[in-house]
Amino acid sequence: MLIKRPSDIPSSEITPEAIYHARRDFMRGAMSVAALGVGVAAASNSMAAPAHVTDVDVKGPAWLTQQLAAASANKGVITDTITPYEHITGYNNFYEYGYNKTDPAEKAHVLTTNPWTVEIAGEVAKPGTFALEDLLKGIALEERVYRLRCVEAWSMVVPWVGFSLAELIQRFEPTSKAKYLAFTTLERPAEMPGQKSRFSTIDWPYREGLRMDEAMHPLTTLAVGLYGKVLPNQNGAPLRLVVPWKYGFKYIKSIVKIEFTEKQPKTTWSMLAPDEYGFYANVNPQVSHPRWSQAEERRLPSGLLKPNIIPTQLFNGYAEQVAHLYKDMDLRKFY
Ligand code: MTE
């Protein structure tokens, strides 16, 4: 953790984030200086900087680190400053580890992610259970810098490393009955203390779903990395979903099963509180949550005294790419 002023920092103590920016050099010129500057300043003086990130150099299997090293640079235009590594990995929602934002960073390191298998089931010609390594064979990883907007009205900008879910879907040859995808997280109470907690109201395992056209959209990503490195456990290692125009609860972590279904699948939050969390969960500043407005968001890092509040954008700023998916739908009804 960086707690000194930038001028005091010897090169031996440069954060992984700084190394990352220098190495990838994906924000050239003034932008890269600005991003680094904001990151360092935020880490050095922000009250919100989490103090629990210990595992900043996450180890993964050799095949994965090799694939990550070969990832191509971000192709999209980045207009937002990327959130510092310690905030992305220290302020998390992962209820399998508890309800506090710092629980995942403190507890998720115990999860065994290697070996890891993913079951592909349901309406496909080629179902089966596959080792993650085999699933990712031949897939070229890409850096994808996307905004993440949580339904709780905070947001980040995350440099994921991953690939389009569509690439994987095609391999398994969905049948004409495949209208939805249902995703399931690992259920392993021995390594996920939240799953055995008496206070938990969640019906484990965590579940999420997408409509087939949403799943096939090129922005829909399966992530295996972050900041050019292996995805930390608290962020959903070894495989998690990223759907940048939807609220963060759709981004299911630590996926062990993908089932192709004819009917809309049940999803964790819509089962728990159907009036508050819908299946679609598209980011929409005009549709309030029953208990709070969604018009604005707190972009992290955000100080207690000087909160970094910005307006929320329709479809999280990805309307041009995704609005057509919902053109005949009442977004208030299908929230
Ligand atoms: N996936 C599982 N399995 N369990 C969870 O509790 N939380 C969701 C989502 N994926 C969650 C999950 C919520 S509410 C959010 S906002 C994002 O993960 C947070 O992702 P992050 O911790 O990487 O920022």
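How far is an oxygen atom of the ligand from an N or O atom in the side chain of Asn92? Select Asn92 and the ligand together and you'll see a gap of 2.8 Å between those two atoms. Keep in mind as you click around that this is a predicted model.

Stay with the ligand and pick Thr185. A polar atom of the Thr185 side chain sits 2.9 Å from a ligand nitrogen atom. Now add Asn235: its side chain has an N or O atom 3.0 Å from an oxygen atom of the ligand. Switch on a surface next. On its own the ligand would expose 530 Å², and the protein buries 99% of that.

Time to show the whole shell. There are 16 residues around the ligand, and those that come nearest are Asn92, Tyr95, Glu96, Thr185 and Lys253. Colour the shell by residue type and you get eight nonpolar, five polar and three charged residues.

For the next stop, jump to Thr220. You'll find Thr220 in the loop that links α8 (212–216) to β7 (221–226). Is Thr220 buried or exposed? Its relative accessibility is 0%, so Thr220 counts as buried.

Zoom in on the side chain of Thr220: it reaches the backbone oxygen of Glu214, 2.7 Å away. Then select what Thr220 touches, leaving out residues up to four places away in sequence. Among these contacts are Arg144, Phe163, Ser164 and Leu165, along with Leu210, Glu214 and Ala215. Leu241, Val242, Val243 and Trp245 are on the list of Thr220 contacts too.

Terms used:
Residues numbered from 1 in each chain as written. Predicted model: local features only at pLDDT ≥ 70, side-chain atom pairs only at ≥ 80, totals over all residues. Heavy atoms only, no water. Helix = DSSP H or I, 4+ residues; strand = E, 2+ residues; numbered from the N terminus. Buried < 20%, exposed > 50% of the residue type's maximum accessible area, 1.4 Å probe, protein only. Polar contact = N/O pair within 3.5 Å; in protein donor to acceptor, adjacent residues only side chain to side chain. Contact = heavy atoms within 4.5 Å. Near = heavy atom within 4 Å. Areas by Shrake-Rupley, 256 points an atom, 1.4 Å probe, with all protein chains shown as cover. Nonpolar A, V, L, I, M, F, W, Y, C, P; charged D, E, K, R; others polar.
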